[in-house]
Amino acid sequence: MPLILETIVTTQGPEGALHLVPFGLIVDGPADGPEVVLAPFRPSPTIANLDANPFFAAAAPADMRVIAGCVTGRRDWATLPCARIPGRRLAEAYGHREFQVVAVEDDPVRPRYRARAIHEAAHRPFTGYNRAQAAVLEAAILSTRLDRLPPDKVLSEMRYLRIAVSKTAGPAEREAWGWIEEKVAAALGLAAQDRILLDED
């Protein structure tokens, strides 16, 4: 299996409209190499934007609320101009890289955009790993697969991931977790007693 880096990808449409979305970048080669593959599913604004403007920025978010927010309909996050490409990048990031698409493998379901990094920058120190951040990331990904997984599996994984949140989260992680819990509960049509089980410490 390839190495996949979870990032916030920003692309820009022909009229300048920005699209910001969590994406796993597929590393094709050395872990610190310049080339990655971006493989969005159709239909996607990312595909339309890349076809019109073959550049994108990928940022390592410093706040897990960005990822949780994007998968729960909260996409209004601060951005800054990119240094070398037309477009913008996530502002609250440990660092970011700017990519130019160098090849496209078309596919009716999931085209693959091979891209080469042409600029990278660090923006703030990385102060350490946090289990709650990892749990929020896993729950965010889980929340995008609610139509493909049995409800019992979803609830089981959410309850397990919540252990790390209850033990190690700060205010930002707790807020992000709450957004995801709300999405999961609404999608599964949970009864009040089931929500208590999901929400309890």
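**A six-stranded barrel and its helices**

The centrepiece of this predicted model is a closed barrel of six strands, ordered β1-β2-β3-β8-β7-β4 and paired in the antiparallel sense. From one strand to the next, the twist averages 45°. Confidence across the protein averages a pLDDT of 92, and 94% of the residues score at least 70. Broken down by element, β4 comes out with the highest mean pLDDT, at 98, while helix α6 (residues 192–199) sits at the other end with the lowest, 52. Where pLDDT is low, the predicted coordinates should not be read in detail.

Going round the barrel, β1 and β2 run antiparallel and are joined by ten bridges. Two places help to find the register: T7 stands opposite F23 in β2, and Q12 has L18, also in β2, as its bridge partner. The two strands make a hairpin with five residues between them, and in that turn G16 takes a positive phi of about 95°. β2 is mostly covered, with seven of its ten residues buried.

Next along, β2 pairs with β3, again antiparallel, over two bridges. Here V27 is found opposite V36 of β3. On the other side of β1 comes β4, and β1 and β4 pair in the antiparallel sense over three bridges. One pair to look for is T10 with its bridge partner A57 in β4. As for β7 (residues 93–105) and β8 (residues 112–122), ten bridges hold this antiparallel pair. V104 can be used to line them up, since its bridge partner in β8 is Y113.

Two helices lie over these strands. Helix α1 (residues 45–52) lies across β1 (3–12), β2 (18–27), β3 (35–38), β4 (55–61), β7 and β8, and runs at about 90° to β2. Helix α2 (residues 64–71) lies across β1, β2 and β4, at about 110° to β2. The loop between β3 and α1 is worth a look too, as P43 is placed there. The peptide bond joining R42 to P43 is cis, with an omega of about -10°.

After the barrel strands, the loop between β8 and α3 (131–143) holds F126. Is F126 buried or exposed? With a relative accessible area of 46%, F126 falls in between and counts as partly exposed. F126 and S44 are 82 residues apart in sequence, and their C-alpha atoms are 32 Å apart in space.

What follows is a helical stretch. UniProt lists residues 6–123 and 130–182 for "domain: DUF447", in an unreviewed entry. In the model, the span of residues 130–182 is 81% helix and 0% strand, and its end C-alpha atoms lie 22 Å apart.

Helix α3 has 13 residues, which at 1.5 Å a residue should span 18 Å; the end C-alpha atoms of α3 are indeed 18 Å apart, so the two figures agree. The buried residues of α3 are A132, Q133, A135, V136, L137, A139, A140, L142 and S143. What do the buried residues of α3 pack against? Their partners are β1, α2, α4 (151–168) and α5, so-called barrel and helix elements alike.

Helix α5 (residues 171–188) passes a similar check: its 18 residues should span 26 Å at 1.5 Å a residue, and the end C-alpha atoms of α5 are 26 Å apart, which agrees. Buried in α5 are A172, E173, A176, W177, W179, I180, E181, V184 and A185. An α-helix has 3.6 residues a turn, so residues three or four places apart point the same way. Just after α5, G189 has a positive phi of about 60°.

Technical notes: Residues numbered from 1 in each chain as written. Predicted model: local features only at pLDDT ≥ 70, side-chain atom pairs only at ≥ 80, totals over all residues. Heavy atoms only, no water. Pairing = 2+ DSSP bridges. Helix = DSSP H or I, 4+ residues; strand = E, 2+ residues; numbered from the N terminus. Axes fitted to C-alpha atoms, helices over the stretch in contact; angles between N-to-C directions. Contact = heavy atoms within 4.5 Å. Buried < 20%, exposed > 50% of the residue type's maximum accessible area, 1.4 Å probe, protein only. Expected span 1.5 Å × (residues − 1). pLDDT = per-residue confidence, 0-100. UniProt positions renumbered as here; feature names shortened; annotations may be inferred.
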